[in-house]
Amino acid sequence: QKHLLGIKDITKADMDLIFQTAKSFKEVINRPIKKVPSLRDITIANVFFENSTRTRLSFELAEKRLSADVINFSSSSSSVKKGETLLDTVNNILAMKVDMVVMRHSSPGAPHFLAKHIDANIVNAGDGTHEHPTQALLDTFSILEKYGTLDNLKVAIIGDILHSRVAISNIFALKKMGAQVMVCGPNTLLPKYIAELGVRVELDVKKALQWCDVANVLRIQLERQQIKYFPSLREYSLYYGINKRLLSEIDHQITIMHPGPINRGVELNSDVADSDHSIILEQVENGVAVRMAVLYLLAGKQG
Ligand code: CP
């Protein structure tokens with residue numbers, strides 16, 4: 001079986017193929033007839049053990065645009081609440097003749113565990129603080145769409161890097177595509193191993209903004225913080241919050257990205273999130289085409 005478990009495991013050639021396929025699907029979904037019959041005989045289960053708006057809805061839409069049969073599972077309204085295990089849950093779903101599983105889980109490695117134990121294609125839709133591969137693919141695709149190339153483009157990932165699977169997957173994807181990558185945030189929100197990933201580290205947000213062409217801004221993930229970290233949300237917004245005034249002190253235009261959900265007024269002010277230089281909603285639009293490409297290629301329907 002083929003899986004997409006993380007960006008660490010895939011090559012630039014894999015990404016190029018995904019982007020080329022996503023580009024064709026983006027043309028399809030902008031036509032009056034948005035559906036193609038590519039996955040007509042495939043059944044896909046979206047199995048979500050954590051909350052989601054964008055990822056779950058865009059996977060579901062991508063599957064429907066490809067004419068797959070779709071079932072949705074949310075742990076909060078399931079028999080997980082009665083004590084059923086992850087493996088039992090997924091095996092019961094597969095007994096209903098499901099071919100692919102798109103899974104989000106709070107435990108790092110949960111989709112890798114499933115990939116070893118079940119006979120279905122697995123797509124990681126976010127596993128704890130580990131990886132969020134389709135988010136990185138749609139982010140990279142959105143930058144490519146705007147700039148044409150990532151070669152030597154300077155991308156700063158700003159925010160709570162320590163708890164962010166988006167940051168880790170983005171670092172892998174951007175570096176494989178030739179970008180220069182910087183991470184920026186308070187020391188307490190940077191993982192100790194960050195330098196091993198081959199990125200620049202900057203503690204001063206103004207210097208990071210002055211350096212970069214693209215700023216991918218992340219939220220503070222309070223739900224993953226076991227202890228109370230410095231800074232508080234108020235302190236974070238004071239020292240790291242990006243607003244129009246701060247951007248006016250930078251000598252060039254920066255493209256603003258955010259994977260969502262935005263904590264408006266904390267990491268990003270509305271005057272930046274909703275500005276002409278923000279491509280946040282383009283990222284969401286591209287999520288459908290990129291996820292269509294991933295599902296299509298994993299199902300082995302190409303050619
Ligand atoms: N970007 C992202 O993963 O958003 P959701 O948590 O809403 O899916």
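**Figure 1. Four-stranded open sheet of the predicted model.** In this predicted model, four strands are arranged in the order β2-β1-β3-β4 and form an open sheet with parallel pairing. The edges of this sheet are occupied by β2 (69-74) and β4 (121-127), each of which pairs on one side only. On average, and with direction ignored, neighbouring strands of the sheet are turned by 15° against each other. Within the sheet, strand β1 (residues 43-48) and strand β3 (residues 100-105) are linked by five bridges and pair in the parallel sense. One of the residues to locate in this view is N46, whose bridge partner in β3 is V102.

**Figure 2. Residue S67 in the loop that precedes β2.** The view is centred on S67, which belongs to the loop between α2 (54-65) and β2. The backbone of S67 has a phi near 70°, a positive value in a residue other than glycine.

**Figure 3. Five-stranded open sheet.** Five strands, in the order β7-β6-β5-β8-β9, make up an open sheet in which the pairing is parallel. Because β7 (200-202) and β9 (255-257) stand at the edges with a single partner strand each, one side of each is left without a neighbour in the sheet. Neighbouring strands here are turned against each other by 25° on average, direction ignored. Strand β5 (residues 154-158) and strand β6 (residues 180-184) run parallel and are joined by five bridges. I158 can be followed to its bridge partner in β6, which is C184.

**Figure 4. Cis peptide bond between G260 and P261.** The peptide bond that joins G260 and P261 is cis, with omega at about -5°. P261 is situated in the loop between β9 and α10 (270-273).

**Figure 5. Two domains and the contact between them.** The protein chain is divided into domain 1, comprising 12-132 + 284-298, and domain 2, comprising 133-280. The centres of domain 1 and domain 2, taken over C-alpha atoms, are separated by 26 Å. To the contact, domain 1 brings 22 residues and domain 2 brings 22 residues. On the side of domain 1 that touches domain 2, at least two residues come from each of α1 (12-29), β4 and α11 (280-298). The most is given by α11, which supplies six residues to this side of domain 1. Sorted by class, the side of domain 1 that touches domain 2 consists of eight nonpolar, nine polar and five charged residues.

**Figure 6. Packing of helix α5 against helix α6.** Two packed helices are described by the angle between their axes and the distance between the axes. For helix α5 (residues 133-147) and helix α6 (residues 165-176), the angle is about 50° and the axes are 8 Å apart. The arrangement of α5 is therefore oblique to α6. The crossing in which α5 passes α6 is right-handed. From α5 the contact draws on P133, Q135, A136, L137, D139 and T140, and from α6 on V166, S169, N170, F172, A173 and L174. These residues of the contact of α5 with α6 comprise seven nonpolar, four polar and one charged.

**Figure 7. Packing of α5 against α11.** Helices α5 and α11 pack with their axes 8 Å apart and at an angle of about 120°. Helix α5 passes α11 in a crossing that is right-handed. The residues of α5 that take part are T134, L137, L138, D139, F141 and S142, and they meet E282, Q283, N286, G287, V290, R291 and V294 in α11. Five nonpolar, five polar and three charged residues constitute the contact of α5 with α11.

**Figure 8. Packing of α1 against α5.** The axes of α1 and α5 cross at roughly 70° and come within 11 Å. Helix α1 is therefore roughly perpendicular to α5. The crossing of α1 and α5 is right-handed. In α1 the residues M15, I18, F19 and A22 meet L137, T140, F141 and L144 in α5. The class composition of the contact of α1 with α5 is seven nonpolar, one polar and no charged residues. Residue L137 of α5 is present in the contact with α6, in the contact with α11 and in the contact with α1.

Note on methods:
Residues numbered from 1 in each chain as written. Predicted model: local features only at pLDDT ≥ 70, side-chain atom pairs only at ≥ 80, totals over all residues. Axes fitted to C-alpha atoms, helices over the stretch in contact; angles between N-to-C directions. Parallel < 35°, antiparallel > 145°, perpendicular 65-115°, else oblique. Left-handed = near helix turned anticlockwise from the far one by under 90°. Contact = placed C-beta atoms within 7 Å. Nonpolar A, V, L, I, M, F, W, Y, C, P; charged D, E, K, R; others polar. Pairing = 2+ DSSP bridges. Domains from an automatic or database assignment.
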